[in-house]
Amino acid sequence: MKRPWLPMAVCLLWALLAIAGSWLPLDPNQIHLDSILLAPGTGAILGYDDLGRPILDRLILGARTSFLVAIWVVSLSATIGILIGTISAYIGGWLDLVIVRVIDIFMAFPGILLAIAMAGIMGPGINNVVIALSVVGWVGFARLARAQTLSVRERDHVAAAISMGTRTHRIIFRHLLPLISAPLIVEATFGVAAVIISEAGLSFLGLGVQPPESSWGSMIRDGARYMLVTPHMVLAPGVALMLVVLSVNLLGDWLRDVMDTRIRQTGTDK
Amino acid sequence: MLRFLTYRLFSTLLVCTGVSIMVFLLIHMVPGDPVDMMLGESARPADRAALRHALGLDQPLWTQFSQYFSGLFQGNLGVSIHSSRPVSELLLERAPATIELALAALLVSVIIALPMGVLAAVRRNTLWDRGAMAFSLLGVSIPNFWLGPMLILVFSLGLGWFPVSGREYSGSLVLPAITLGTAMAAVLSRMVRSSLLEVLGEDFIRTARAKGMPERIVVWKHALLNALLPVITLLGLQLGVLLGGAVITETVFSWPGLGKLTIDAILRRDYPVVQGAILLISITYVVVNMLTDIIYGIVDPRIRLGSTK
């Protein structure tokens, strides 16, 4: 399988800009009154927005927002979801029954809708975005981890570990999790793409980060307002968002093939 | 069959109850006092007390819950704070627009996905296949709040074919439906492709080909009909994505449906309307999924035997 160099480069650039953004000489909030809505090329590479702020600088600030939210939400929801899913499947009994019902209830909400409602009710801000998206996000990991654990928990080495008196948490962390990690890593990668879009969506609706902070979603919303005058304001953040999401998805596709999760899944079922 | 139906109905009822409890609890997630959030810090104490009483927030949680729940059974979802109209009335007024949009988006996605998925499967590993899969990847990677403005930019502002927003004109539905349907078409075409590829490898297809049946009939009649079963289930599940996406798409195009109502209510802190809309959309989703499951169970006996075991 060919390595997806280009998507890797895009993701790397995204992460680098997000991390190094605070040390770069940027003026995302500097207002240039004589440059309002100026098109790209004239002074700034990507032009200026409706308040005369350089779009490139705000784009980099937005990369930081999407990166931070994506990393936090995926780490939080993966940790919580995997723990709940694995424990539920391994211990079984009434605990498993209750957890499956809870998962069903969470699955009953269209994901983004629940996030919109929670972010809207808790009030805007990056912390509430992370909480809302994690509350929605853990379910997928829990479901997957539960199904995977069910398929490997009857294996001989687990039985051997139990018979030697190994503690439950050690069995889960040392004997089960490593076996089921491949599909979970793939799920986490696609999760990053989904969270980037959701964060931008919440910010588009005005429920995400607040000004003067920047998000690609709120940039798209502001840009759409001035579309008739000049389209560059809506084009720049949209292209950035699409490129990153596309790259993360391609990376996920590649990881799935490399880790061979489908073959592994069918192999363990039999 | 009866056991399958009872099981499915019972679990749906359980999920619906859970969903209502969560929606009820939503308003208690407001940081601090919901009344403060709605009226602002400067409101008069008398107004606060009146709103608190109107929302039932001055009563113990358990009483609030039982009132909310008995209200649900009578179709009483409370009263909008902004317009002082019953929430159920507002929801019924807006629902047709959302149903119209969702059905149109569904149509768009099927029109795109079916031929594309079939073409990709039949011409596997050719340029057609790769093109279809590239479209599919692009479709899930373009958020609808960007695709919408782009379509407006090209087809409304540029070419002037369709109105920019609203629902008044005959062409109003086209751009929102394409915006909402694209992501679903992307997922659907992948599913059609993989499902069809699986069926095309089965023995009865080889038999059909061996007896000299035209390839066209083998693919479109024998293979596709069997391949569509899992696709139908996916359609049910994708309805959730569709309803969630409708919230954003309706905002982009100022489409006067439930999604726009929800967002407006959130921005106005009109919590009873937010609760009512979320509840209605989620319950619709659950019920549609139950119906898909039951239909699937009728069509394919393997399913209903499997889930009651």
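Start by selecting N125(B), which counts as exposed because its relative accessibility is 56%, where exposed means over 50% relative accessible area, buried under 20% and partly exposed in between, with a 1.4 Å probe and protein chains only. The model on screen is predicted, so local features need pLDDT of at least 70 and side-chain atom pairs count only at pLDDT 80 or more, while totals for chains, interfaces and linings use all residues. Residues are numbered from 1 along each chain as its sequence is written, chains are lettered from A and ligands numbered from 1 in the order in which they are written, and side-chain values use heavy atoms, with hydrogens and water left out.

**Two loop residues in chain B**

Stay on N125(B), which sits in the loop between helix 5 (87–122) and helix 6 (127–141) of chain B; helices here are DSSP runs of H or I with at least four residues, strands are runs of E with at least two, and both are numbered from the N terminus. Although N125(B) is not a glycine, its phi is positive, at about 65 degrees. Most residues other than glycine have a negative phi. Move next to S254(B), in the loop between helix 10 (215–253) and helix 11 (258–267) of chain B, where a residue that is not a glycine again has a positive phi, of about 50 degrees. S254(B) counts as partly exposed, because its relative accessibility is 35%.

**Chain B as a whole**

Now widen the selection to chain B, which has 13 helices and zero strands. Its C-alpha atoms fill a box of roughly 85 × 60 × 30 Å along the principal axes, and of its 309 residues 47% count as buried. Among contacts in chain B with a separation of 6 or more, 71% are between residues 24 or more positions apart, a contact being heavy atoms within 4.5 Å. To see the domains, colour residues 2–73 as domain 1 and residues 94–267 as domain 2 of chain B, bearing in mind that such bounds come from an automatic or database domain assignment. The centres of domain 1 and domain 2 of chain B, taken over C-alpha atoms, are 36 Å apart.

**Around V15(B)**

Select V15(B) in helix 1 (residues 2–26) of chain B, a residue that counts as buried because its relative accessibility is 8%. Leaving out residues up to four places away in sequence, show what V15(B) touches: D104(A), I105(A) and A108(A) from chain A, together with V286(B). Then draw a C-alpha to C-alpha distance from V15(B) to V287(B), which gives 10.0 Å in space for a pair 272 residues apart in sequence. C16(B) can be added to the selection, and this cysteine is buried, since its relative accessible area is 14%.

**Chain A and its helix 5**

Switch to chain A, where there are ten helices and zero strands, and where the C-alpha trace spans about 75 × 45 × 30 Å along its principal axes. Buried residues make up 53% of the 270 residues in chain A, and residues 24 or more positions apart account for 72% of its contacts with a separation of 6 or more. Isolate helix 5 (residues 126–152) of chain A: its 27 residues, at 1.5 Å a residue, should span 39 Å, and this agrees with the 38 Å between its end C-alpha atoms, the expected span being 1.5 Å times one less than the number of residues. Centre on V135(A), where helix 5 of chain A bends by about 30 degrees, the bend being the angle between axes fitted to the seven residues ending there and the seven starting there.

**The nonpolar cores**

For the last stop, turn to the largest nonpolar core, in which W14(A), I196(A), W216(A) and F145(B) touch the most other members of a set of 130 residues; such a core is a set of buried Ala, Val, Leu, Ile, Met, Phe, Trp, Tyr and Cys residues joined through side-chain atoms within 4.5 Å. Helix 7 (residues 168–204) of chain A gives the largest share of this core, 15 residues, and at least three residues come from each of domain 1 (2–73) and domain 2 (94–267) of chain B. Centre on W14(A) and, again not counting residues up to four places away in sequence, display its contacts, including F67(A), V192(A), I196(A), W216(A) and V244(A). Finish with a second, separate core of 19 residues, which includes L188(B), V218(B), A223(B) and A227(B).
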